[in-house]
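Grab a pencil and open the viewer. Let's work through a few exercises on one protein, step by step.

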Amino acid sequence: MASAPKRFKAAVESDAQGKSSADPLSGFLAWCGRAGVELNPKVRLSREGAVAGYGMLAAEELEAGEVLFTIPRTALLSQHTTSIHTLLQEAQESLQSQSGWVPLLLTLLHEYTASNSYWQPYFSLWQDFRSLDHPMFWPQEERTRLLQGTGIPEAVDKDLANIHLEYNSIILPFMKTHPDIFDPKLHTVELYKELVAFVMAYSFQEPLEEEEEDEKGPNPPMMVPVADILNHVANHNANLEYSPQCLRMVTTQPVGKGQEIFNTYGQMANWQLLHMYGFAEPYPGNTHDTADIQMVTLRRAALQRAKSEAQRQLVSEQWDFLCQLEMVGEEGAFVLGWDEVLTEEELSVALKVGMARGESLMFLHLPLLPGSLQVLCMSEEEFKEYKEQDGWEDDSEEEENSTLSNEALSRLKTPCKKLLHDSVLLTLESYGADLKAEQDLLNNKEAYEKLTRREQQALHVRYGQKRILHQLLELVQ
């Protein structure tokens with residue numbers, strides 16, 4: 001390939017001043033130049049000045065709409081660009097999995113450990129994937145103690161079960177058929193788990209065209225050098241754009257000299273950020289934060305207020321009916337945002353944004369909370385009539401209740417408010433500490449700084465969720 005463009009030589013020289021020639025970032029920038037990546041001379045990559053790890057900073061003022069870098073598709077690491085792409089193509093049927101990540105993970109297992117891999121300068125930026133510090137790497141006791149009630153321990157348990165299942169049922173059989181390339185003693189399940197965390201934190205999934213959404217599943221994940229160096233905040237100032245020949249990172253607003261440039265990983269709640277990326281945004285920075293009320297908690301609250309066996313039986317019948325209508329489920333949750341209960345439509349928009357970064361969100365269908373509240377608050381006679389109408393009432397009422405904004409909460413009938421109030425109280429009981437204790441800890445700078453990084457990140461997740469739940473309590477008083 002051609003030698004590195006001048007702009008890349010300058011970037012390497014300016015970042016390598018006073019550093020060893022073996023500096024990973026300098027080697028990576030030189031590789032980018034050879035790979036045809038074009039970097040705007042107004043930006044630089046650096047550890048200094050970034051909120052976490054490496055980051056991209058504005059060396060000069062940037063206007064909205066400026067292209068920060070352009071990456072040809074040949075510089076994307078995927079199952080199509082790896083040196084073992086032919087093997088993966090031939091075995092594609094046997095590599096199918098629930099996650100859809102197996103081909104990329106096999107790619108990473110090989111390229112990360114191959115001494116002559118073309119992608120080694122890229123991997124040199126991550127000497128130890130455990131530094132990502134996903135909760136899956138935390139001891140179970142610590143995970144439970146710090147994250148109880150947040151939903152993260154349950155998500156991690158599912159991740160770990162799926163990782164071991166995929167490794168033993170798909171990865172190992174494939175490796176055994178190619179002993180000249182793979183060695184189970186080197187390509188262990190532990191390394192596989194670390195690479196899953198790497199894909200979680202740094203991969204991208206190209207969004208589907210609208211006409212493709214109903215015809216095929218999401219695109220497989222891929223690694224996008226340079227783009228994956230940008231950190232995330234909810235109020236981001238850059239966005240990744242896709243075209244047939246290349247990918248471009250473009251500013252969405254002006255950026256001052258010396259400021260960090262942030263991409264978005266999607267409209268991610270803090271529990272999702274910690275689960276998938278190993279960090280959370282301090283309150284009140286994450287405007288996309290959410291809290292969950294488990295659907296079964298709604299049932300518990302309804303049963304709790306039942307005063308007789310007949311009333312408890314009625315609640316059970318109402319719950320079963322809601323399950324038949326697919327309005328509730330044993331593992332589902334109602335997701336609360338700062339301004340409203342998130343609806344299916346709004347979540348699908350969030351998914352479209354989020355999947356461009358590689359998320360695997362846990363809730364893919366959100367039913368209507370108002371309808372569930374109303375059914376569980378019905379008398380025996382009202383419920384009988386409701387069932388005879390097949391669960392559907394006046395369309396205008398259904399449409400009005402399809403979005404439950406904070407303002408609309410005040411218009412709920414008193415029994416519905418009471419049921420929602422009790423459900424929130426039960427949800428708050430699932431955490432280890434109350435809101436005031438978390439608030440005092442955040443306000444005490446000395447005490448906060450004595451916390452470990454994990455304790456700080458978990459605190460941000462818990463506190464944001466509890467604030468949303470307490471806000472809901474006030475609205476339904």
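Below are five exercises, each with a worked solution.

Before you start, note that this is a predicted model, in which local features need pLDDT of at least 70 and side-chain atom pairs count only at pLDDT 80 or more, while totals for chains, interfaces and linings use all residues. Residues are numbered from 1 along each chain as its sequence is written, and side-chain values use heavy atoms, with hydrogens and water left out.

**Exercise 1. Get an overview of the protein.**

Step 1: Start with the helices and strands, which are DSSP runs numbered from the N terminus (H or I, at least four residues, for helices; E, at least two, for strands). The protein has 20 helices and 14 strands.

Step 2: Now look at burial. Buried means under 20% relative accessible area, exposed means over 50%, and partly exposed is in between, using a 1.4 Å probe and protein chains only. Of the 477 residues, 52% count as buried.

Step 3: Check the contacts, meaning heavy atoms within 4.5 Å. Among those between residues at least 6 apart in sequence, 73% join residues at least 24 apart.

**Exercise 2. Find the place of strand β9 in its sheet.**

Step 1: Locate β9 at residues 246-251, where 5 of the 6 residues are buried.

Step 2: Look for its partners, remembering that two strands pair if DSSP finds at least two bridges between them. Strands of a sheet pair through backbone hydrogen bonds, either parallel or antiparallel. Strand β4 (residues 67-72) runs antiparallel to β9, with 5 bridges joining them; here P72 has C246 as its bridge partner.

Step 3: Turn to β8 (residues 238-242), which also pairs with β9 in the antiparallel sense, over 5 bridges. In this pair, E241 stands opposite R248, and a hairpin of 3 residues links β8 to β9.

Step 4: Put the strands in order. You get an open sheet of 4 strands, β1-β4-β9-β8, with antiparallel pairing. β1 (38-39) and β8 are at the edges with a single partner strand each, so one side of each has no neighbour in the sheet.

**Exercise 3. Explore the nonpolar cores.**

Step 1: Know what you're looking for: a nonpolar core is a set of buried Ala, Val, Leu, Ile, Met, Phe, Trp, Tyr and Cys residues joined through side-chain atoms within 4.5 Å. In soluble globular proteins, nonpolar side chains tend to be buried together.

Step 2: Which residues touch the most other members of the largest core? Among its 91 residues, they are F28, M56, F69, F198 and I261. Helix α7 (residues 152-176) gives the most to this core, 11 residues.

Step 3: Zoom in on F69. Leaving out residues up to four places away in sequence, F69 touches several residues, including M56, L247, R248 and M249.

Step 4: Find the second, separate core: it has 39 residues, among them L322, C377, L419 and L469.

**Exercise 4. Describe the second largest pocket.**

Step 1: On a 1 Å grid over the protein atoms alone, a pocket is an open set of points with protein on both sides within 12 Å along at least five of seven lines; a cavity is a set where a 1.4 Å probe fits but cannot get out, and lining residues have an atom within 4 Å of a point. Grid points are joined across faces, edges and corners, and a volume is the space filled by probe spheres set on the points.

Step 2: This pocket holds about 750 Å³ of space. Of its 33 lining residues, A52, G53, N231, F279 and R453 lie nearest the centre.

Step 3: Helix α20 gives the largest share of the lining, 4 residues.

**Exercise 5. Follow helix α20 to a cavity.**

Step 1: The search finds 4 cavities of 30 Å³ or more. The second largest has a volume of about 60 Å³, and α20 gives the most to its lining, 4 residues.

Step 2: Is I468 buried or exposed? This residue lies in α20, and I468 counts as buried because its relative accessibility is 2%.

Step 3: Compare sequence and space. I468 and G337 are 131 residues apart in sequence and 7.0 Å apart in space, C-alpha to C-alpha.
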